[in-house]
Amino acid sequence: MVTRRKFLTNCGMAAGAAGFSYVKLGNSGILRGNINTGKSAVMDFRYKPYELHLKHVFTLASGSRSTTPVMLTEIEFENSIGYGEASMPPYLGESHETAGLFLSKVDLKKFSSPFLIQDILTYVDQLAPGNYAAKASVDIALHDLVGKLMNQPWYRIWGLNPDKTPNTSFTIGIDKPEIVKEKVREASPYRILKVKLGQGNDKEMIQSVRSETNKPICVDINQGWTDRNMALDMIHWLKEQGVVFVEQPMPKTLVDDTAWLTQNSPLPVIADEAIQTIADFKNVQGVYSGINVKLMKCGGMLAAYTMIGMARALGLKVMIGCMTETSCAVTAAAQLSPLVDWADLDGNLLIDNDVFDGIKIRDGKVSLPDRPGIGVVKR
Ligand code: MG
């Protein structure tokens, strides 16, 4: 893992979270424009790499890490600035380098108005395949800008009731019992916990949580179980422990085994790794009970909104999740939360160098800021 300082040094940049005074991004892209340049009739797009520091080493079935690379973006138009973000946990295959290369191709000056959201995002999508987090960073900044120009938050533009936001879960990574218990105590403001499983100590993990709290739990296996009979036995046991749903229990490639498991499971089985974009619905229909929508997987708020509607049409449960992200991307996702069954919007709480203020959790429930756009301000 390249440290943030080392990355910035490699790129010839000064360290620092706020402002966009940097000029170069390695050899792959140029940061264009300056902040507060005054009124402009064209959209000025810029981006900057940043590295999030995790409060705790985060362990999933796929491995451990203590940092997450992100790209912070801005679109400026007529004295308003929209903020966006790409979060790039390594297992998704994007990085500062790939995002910098992709974003260096984005030229929004060719569009006469930021309100041409469909045209702009279709253009961005067609610049290169994949790069969904990088695409999301443009989508989020554009939505933030348009909401600010309309002086309305996106939940209101979409006609959603901010009182109908769900409780959000707080994630407990795989760890030793003492650490798990400590994390459960830290999570006291939350009404539901998301416990990571899949590294062979599943019962110990759940028993550690249960020694501290009776709150409902959801579990995320991150594809960690490979035997469907063992998986079904475990789900029956988990149900007795107060677990409410099971996320991505088996590898996404084990389609028939997962369909069998879902059919027999007493708990809903939610797809995460198995569904990234709209094109993946064919992989989950008849195989899972629901989907986990994330802006970084699908390319942003517009794609996520479309996916939620599609999931409902197919009778699927929906949760909205996030990566480790600043409050920028998490608050953007939260705008959609009145539409979903479950929210897992704690990514900003897992880091100690957030550069935005936005979503709040009140009494365990997502609380949307009463601010235009995606609802964030820089700290
Ligand atoms: Mg997951």
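**Largest pocket**

I began with the largest pocket of this predicted model, whose volume is about 540 Å³. For the term I kept to a 1 Å grid over the protein atoms alone, on which a pocket is an open set of points with protein on both sides within 12 Å along at least five of seven lines, and lining residues have an atom within 4 Å of a point. Grid points are joined across faces, edges and corners, and the volume is the space filled by probe spheres set on the points; the probe is one of 1.4 Å.

I then looked up the lining, which holds 33 residues, with Tyr 91, Asn 222, Asp 272, Glu 273 and Lys 294 the closest to the pocket centre. Strand E3 (44–60) and strand E7 (192–196) are the elements that give two or more residues to this lining, where helices (H or I, at least four residues) and strands (E, at least two) are DSSP runs numbered from the N terminus. I noted 13 nonpolar, eight polar and twelve charged residues in the lining, with Ala, Val, Leu, Ile, Met, Phe, Trp, Tyr, Cys and Pro taken as nonpolar, Asp, Glu, Lys and Arg as charged, and the others, Gly among them, as polar. Domain 1 (4–32 + 42–154) and domain 2 (156–378) each contribute at least three residues to the lining of the largest pocket; the domain bounds come from an automatic or database domain assignment.

**Conventions**

I number residues from 1 along each chain as its sequence is written, and side-chain values use heavy atoms, with hydrogens and water left out. The model being a predicted one, local features need pLDDT of at least 70 and side-chain atom pairs count only at pLDDT 80 or more, while totals for chains, interfaces and linings use all residues.

**Second largest pocket**

Next I turned to the second largest pocket, which holds about 300 Å³ of space and is lined by 14 residues, with Leu 121, Asp 125, Cys 298, Leu 302 and Ala 303 nearest its centre. Helix H3 (117–125), helix H4 (132–150) and helix H12 (301–313) each supply at least two lining residues, and H3 has the largest share, with five residues. The lining of this second pocket divides into seven nonpolar, four polar and three charged residues. I place the second largest pocket between domain 1 (4–32 + 42–154) and domain 2 (156–378), because both give residues to its lining.

**Magnesium site**

What coordinates the magnesium ion? I find Asp 220 (OD), Glu 247 (OE) and Asp 272 (OD), at 2.1 to 2.2 Å. Donors here are N, O and S atoms within 2.8 Å of the metal (3.2 Å for Na, K and Ca), and as water is not among the atoms, the site may look incomplete. Along the chain the donors follow the spacing D-x26-E-x24-D. Asp 220 in strand E8 (residues 217–220) and Glu 247 in strand E9 (residues 243–247) are 27 residues apart, so that the pair links distant parts of the chain. Asp 220 is buried at a relative accessible area of 1%, and Glu 247 is buried at 0%; buried means under 20% relative accessible area, exposed over 50% and partly exposed in between (1.4 Å probe, protein chains only).

**Loop between E9 and H9**

I followed the chain past E9 into the loop before helix H9 (255–264), where Lys 252 lies. Lys 252 counts as partly exposed, at 45% relative accessibility. Not counting residues up to four places away in sequence, Lys 252 touches Gln 223, Glu 273, Ala 274 and Tyr 288, a contact being heavy atoms within 4.5 Å. From Lys 252 to Val 284 I noted 9.4 Å, C-alpha to C-alpha, at a sequence separation of 32 residues.

Gln 248 is also placed in the loop between E9 and H9 and is buried, with a relative accessible area of 0%. Its backbone drew my attention, as Gln 248 has a positive phi of about 40° although it is not a glycine. Most residues other than glycine have a negative phi.

**Glu 78**

Glu 78, in the loop between strand E4 (63–77) and strand E5 (80–87), has a positive phi of about 45° and is not a glycine either. Is Glu 78 buried or partly exposed? I find Glu 78 partly exposed, with a relative accessible area of 38%.

**Trp 342**

My last residue was Trp 342, in strand E13 (residues 342–343), which counts as buried at 18% relative accessibility. Its contacts, not counting residues up to four places away in sequence, include Pro 166, Phe 245, Pro 268 and Ile 270, and Lys 317, Val 318, Met 319 and Ile 320 are also touched by Trp 342. The C-alpha atoms of Trp 342 and Thr 165 are separated by 9.0 Å, with their positions 177 residues apart along the chain counted as the separation.

**Whole chain**

For the chain as a whole I recorded 13 helices and 17 strands, and 58% of the 379 residues count as buried. Among contacts between residues at least 6 apart in sequence, 67% join residues at least 24 apart.
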